[in-house]
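Work through the exercises below with the structure open beside you, and try each task before you read its solution.

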Amino acid sequence: DGKLSFDEFKAYFADGVLSGEELHELFRTIDTHNTDNLDTEELCKYFSQHLGEYENVLSVLEDLNITILKAMDKTKKDYQEASNLEQFVTRFLLKETLNQLQSLQSSLECAMETTEEQTRQERQDPTKPEVLSIQWPGKRSARRLQRNNSLSPNSPRFSTVTFCKRSLFIFSKGWIEEDSQWMTQITRLQKLIDRLEKKDLKLEPFEEEVLEENAKSHIMIIQRQMSVIEEDIEEFRLALKQYVESACTQGGCLHVSIQKLPSDSRFIVYEFWENSNAWNSHLQMNYSKTFQRSNVDFLETPELITTMLIPGKY
């Protein structure tokens with residue numbers, strides 16, 4: 001409605017360090033109009049006084065965002081008509097741009113985690129910190145959509161040991177409450193893959209596979225975790241049913257599975273798509289956008305999405 005109540009303010013700004021009282025004091029400080037609601041003008045005025053060096057950072061990021069969008073638009077128009085060599089150069093530049101951005105993101109995440117940990121160590125205040133309404137994996141910044149963790153087979157970190165250690169670490173931070181639940185998810189995921197292939201899963205890690213040119217060799221698996229507001233569960237179920245029915249009619253959709261955790265109002269949806277292009281096309285469909293918009297009202301916290309590429313053949 002153009003303004004933030006205290007509950008909305010707390011849901012967005014709580015960082016697991018400030019207590020509820022401190023958040024309320026901050027809210028009152030920003031609320032210079034004394035309306036018990038924060039409007040855009042008040043928020044901008046407060047934070048603009050504290051930007052410092054980050055004013056230049058945010059300005060550059062805005063320019064970077066515009067520049068990247070222009071490049072993406074140009075790529076979309078020219079890629080199909082380009083020669084094989086030109087297409088290769090475009091793919092290389094896209095990958096290199098992504099690597100640079102991920103490097104910057106890693107530095108920022110490290111700084112963020114370090115400052116939060118330092119603050120917790122310095123604070124001797126027994127006041128209980130306000131519990132996060134938005135759970136950040138590893139306390140990493142992600143407001144509207146949690147960071148999309150994509151693992152591909154040609155990544156140097158894509159090994160069973162590394163993947164399992166990393167996943168258990170992340171889930172122990174708050175994605176999944178117990179290791180046993182994580183192992184259950186692995187078992188169920190393996191059964192889904194077995195059903196998909198209609199045969200026993202036999203991995204041959206040392207067998208070299210020669211791919212045909214332009215072969216669609218990897219299946220995209222998406223895990224979506226959604227914590228639903230208790231009183232909106234029935235409406236959410238209806239929206240989810242319509243979404244799944246529409247998704248299953250798409251040519252690239254291989255399978256959709258839904259789980260409801262008994263301990264809380266959390267739903268986990270697994271989607272199997274023929275390849276990443278099929279998944280990206282699905283995201284642009286009206287039924288997918290409608291479901292995403294409805295989740296703004298139905299979900300207690302932002303949706304957690306994890307993607308993984310697996311070989312289409314074994």
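**Exercise 1. The largest nonpolar core**

Which residues in the largest nonpolar core touch the most other members?

Solution. Begin with the kind of model in view, which is a predicted one. In its largest nonpolar core there are 23 residues, and of these Phe236, Leu240, Trp273 and Phe291 touch the most other members. Next, ask where the members come from: β4, α8, β5, β6, α9 and α10 are the elements that give two or more residues to this core. Among the contributors, α8 has the largest share, with seven residues. A second core, of ten residues, lies apart from this one, and its members include Leu189, Leu261, Tyr270 and Met308. As background, nonpolar side chains in soluble globular proteins tend to be buried together.

Now take one residue as a close-up. Leaving aside residues up to four places away in sequence, Phe236 touches Met226, Val228, Phe267, Phe291, Asn295, Phe298 and Leu299.

**Exercise 2. The two sides of a helix**

Determine which residues of helix α8 are buried, and explain how they are arranged around the axis.

Solution. First locate the helix, which runs over residues 233-248 and has 16 residues. From its first C-alpha to its last it reaches 22 Å, close to the 22 Å expected at 1.5 Å a residue. Its buried residues, those with under 20% relative accessible area, are Ile233, Phe236, Ala239, Leu240, Tyr243, Val244 and Ala247. These residues lie on the same side of α8, because they cover an arc of only 135° around the axis. The general rule behind such a pattern is that an α-helix has 3.6 residues a turn, so residues three or four places apart point the same way. On the other side of α8, Glu234 and Leu238 are exposed. Finally, look at what covers the buried residues of α8: the cover includes β4 (218-227), β5 (253-260), β6 (266-273), α9 (276-283) and α10 (286-298).

**Exercise 3. Residues in loops**

Asparagine 34 and aspartate 36 are not glycines: what is the sign of phi in asparagine 34 and in aspartate 36?

Solution. Asparagine 34 has a positive phi of about 55°, and aspartate 36 likewise has a positive phi, of about 60°. The loop that holds asparagine 34 lies between α2 (20-30) and β2 (38-39), and aspartate 36 also lies in the loop between α2 and β2. To judge exposure, use the cut-off of over 50% relative accessible area. Asparagine 34 has 66% and is therefore exposed, while aspartate 36, with 59%, is exposed too.

Then turn to glutamate 230, whose place is in the loop between β4 and α8. Its relative accessibility is 54%, so glutamate 230 counts as exposed. Glutamate 230 nevertheless touches Ser265 and Glu300, not counting residues up to four places away in sequence. With serine 265 it forms a pair 35 residues apart in sequence and 6.4 Å apart in space, C-alpha to C-alpha.

**Exercise 4. Reading the model with care**

Where does pLDDT stay under 50?

Solution. Start with the whole chain, which averages a pLDDT of 76, with 71% of the residues scoring at least 70. The stretch in question is residues 132-178, over which pLDDT stays under 50. The model has 94 contacts for this stretch beyond four places in sequence. Where pLDDT is low, however, the predicted coordinates should not be read in detail.

Methods
Residues numbered from 1 in each chain as written. Predicted model: local features only at pLDDT ≥ 70, side-chain atom pairs only at ≥ 80, totals over all residues. Heavy atoms only, no water. pLDDT = per-residue confidence, 0-100. Contact = heavy atoms within 4.5 Å. Helix = DSSP H or I, 4+ residues; strand = E, 2+ residues; numbered from the N terminus. Expected span 1.5 Å × (residues − 1). Buried < 20%, exposed > 50% of the residue type's maximum accessible area, 1.4 Å probe, protein only. Arc of directions from axis to C-beta. Core = buried A, V, L, I, M, F, W, Y, C linked by side-chain atoms within 4.5 Å.
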